[in-house]
Amino acid sequence: MKKVINYLASALIAIGIIFIAKPYIDNYNDKKQYDFTVTSKTGDLTLDSYNGKVLAIYFGYTYCPDVCPTSLSTLSTALNGFSKDQLDSFEGLFISVDPDRDKLEALDEYASYFHPTFKGATSNKENLDDIVNRYKTYYKKVTLEGSSMDYSVAHTSYIYIFDKNGNFYKKVDHFTNPEELNKVLKALL
């Protein structure tokens with residue numbers, strides 16, 4: 001009988017540890033999934049670089065004729081009405097998936113054109129492929145025969161929102177209107 005009680009006590013303790021540890025393990029796995037290292041004109045950036053700030057990440061490229069400017073404009077418009085203190089707690093990160101053409105200085109200028117809290121960054125193809133894969137998003141160079149641009153980049157159009165602790169909060173698609181995106185951000189700011 002004593003062995004049964006010891007076995008049950010051990011089992012209950014193990015179950016308790018699992019339930020206590022599960023949120024920490026899930027949080028670790030989420031951070032690992034969404035962590036990144038990209039380079040901006042001011043140096044390397046990681047998810048931890050944004051501790052204490054709400055972060056919105058968008059993957060695109062500066063030569064994009066319509067989707068990227070529309071998405072970045074939507075995000076910028078969604079920030080209207082926030083106080084200076086709230087905006088000080090927010091940053092947007094435009095990650096270029098076209099490092100061959102998008103140089104750091106131009107990337108930052110492009111991103112900040114849409115809002116002063118936006119930065120531009122990129123990395124090499126191998127690193128970008130890894131990040132994009134973990135974010136479950138997509139991009140691919142598409143050759144444009146006879147075009148002076150040589151190629152375009154097909155890509156998904158999502159804004160990834162993270163809370164002030166670096167936890168993934170929500171993925172917002174390209175068609176979300178600024179008012180809805182404002183509500184999402186308001187919940188975090």
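**Exercise 1.** State whether Lys136, with a relative accessible area of 61%, is buried or exposed, and find the loop that holds Lys136.

Solution. Start with the cut-offs: buried means under 20% relative accessible area, exposed over 50%, and partly exposed in between, with a 1.4 Å probe and protein chains only. At 61%, Lys136 is exposed. Next, the loop with Lys136 runs between α5 (125-134) and β6 (139-143). Helices (H or I, at least four residues) and strands (E, at least two) are DSSP runs, numbered from the N terminus. Last, the backbone: Lys136 is not a glycine, yet its phi is positive, near 60°.

The model is predicted, so local features need pLDDT of at least 70, side-chain atom pairs count only at pLDDT 80 or more, and totals for chains, interfaces and linings use all residues. Residues are numbered from 1 along each chain as its sequence is written, and side-chain values use heavy atoms, with hydrogens and water left out.

**Exercise 2.** Describe the loop between β6 and β7 (151-155) through Asp150 and Leu144.

Solution. Take Asp150 first: its phi is positive, about 75°, although Asp150 is not a glycine. Its relative accessibility of 48% makes Asp150 partly exposed. Leu144 lies in the loop between β6 and β7 as well, and is partly exposed at 28% relative accessible area. Then list the contacts (heavy atoms within 4.5 Å). Not counting residues up to four places away in sequence, Leu144 touches Met149, Asp150, Tyr151 and Ser152.

**Exercise 3.** Find out which residues touch Ser89 and how far Gly166 is from Lys53.

Solution. Ser89 sits in the loop between α3 (84-88) and β4, where a relative accessible area of 17% counts as buried. Leaving aside neighbours within four places in sequence, Ser89 is in contact with Gly52, Lys53, Val54, Lys164 and Leu189. Now turn to Gly166, in the loop between β8 (158-162) and β9 (168-173). Gly166 is buried, at 8% relative accessibility. Its C-alpha atom is separated by 8.0 Å from that of Lys53, although the two are 113 residues apart along the chain.

**Exercise 4.** Sort the residues of helix α4 (residues 104-114) that are buried from those that are exposed.

Solution. The buried residues are Leu107, Asp108, Tyr110, Ala111 and Phe114. They lie on the same side of α4, because they cover an arc of only 160° around the axis; the arc is that of the directions from the helix axis to the C-beta atoms. On the other side, Glu105, Glu109 and Tyr113 are exposed. The cover over the buried residues of α4 includes α2 (67-78), β4 (90-96) and β5 (118-121).

**Exercise 5.** Do the sorting for helix α6 (residues 178-188), and name what its buried residues pack against.

Solution. Leu181, Asn182, Val184, Leu185 and Leu188 are buried. These residues line one face of α6, since they fall within an arc of 160° seen down the axis. Exposed on the other side are Glu179, Lys183, Lys186 and Ala187. The packing partners of the buried residues are β3, α2, β4, β8 and β9. A general rule helps here: an α-helix has 3.6 residues a turn, so residues three or four places apart point the same way.

**Exercise 6.** Describe the largest nonpolar core and the contacts of Leu93.

Solution. A nonpolar core is a set of buried Ala, Val, Leu, Ile, Met, Phe, Trp, Tyr and Cys residues joined through side-chain atoms within 4.5 Å. The largest one has 49 residues, and those with the most contacts inside it are Phe36, Ile57, Leu93, Ile161 and Leu185. Strand β3 (residues 54-60) gives the most to this core, six residues. Beyond four places in sequence, the residues that Leu93 touches are Phe36, Val38, Leu45, Tyr50, Leu55, Ala56, Ile57, Tyr58, Lys119 and Ala121.

**Exercise 7.** Give an account of the whole chain: how many helices and strands does it have, and what share of its residues is buried?

Solution. Count the elements: the chain has six helices and nine strands. Of its 189 residues, 40% are buried. Finally, consider contacts between residues at least 6 apart in sequence: 68% of them join residues at least 24 apart.
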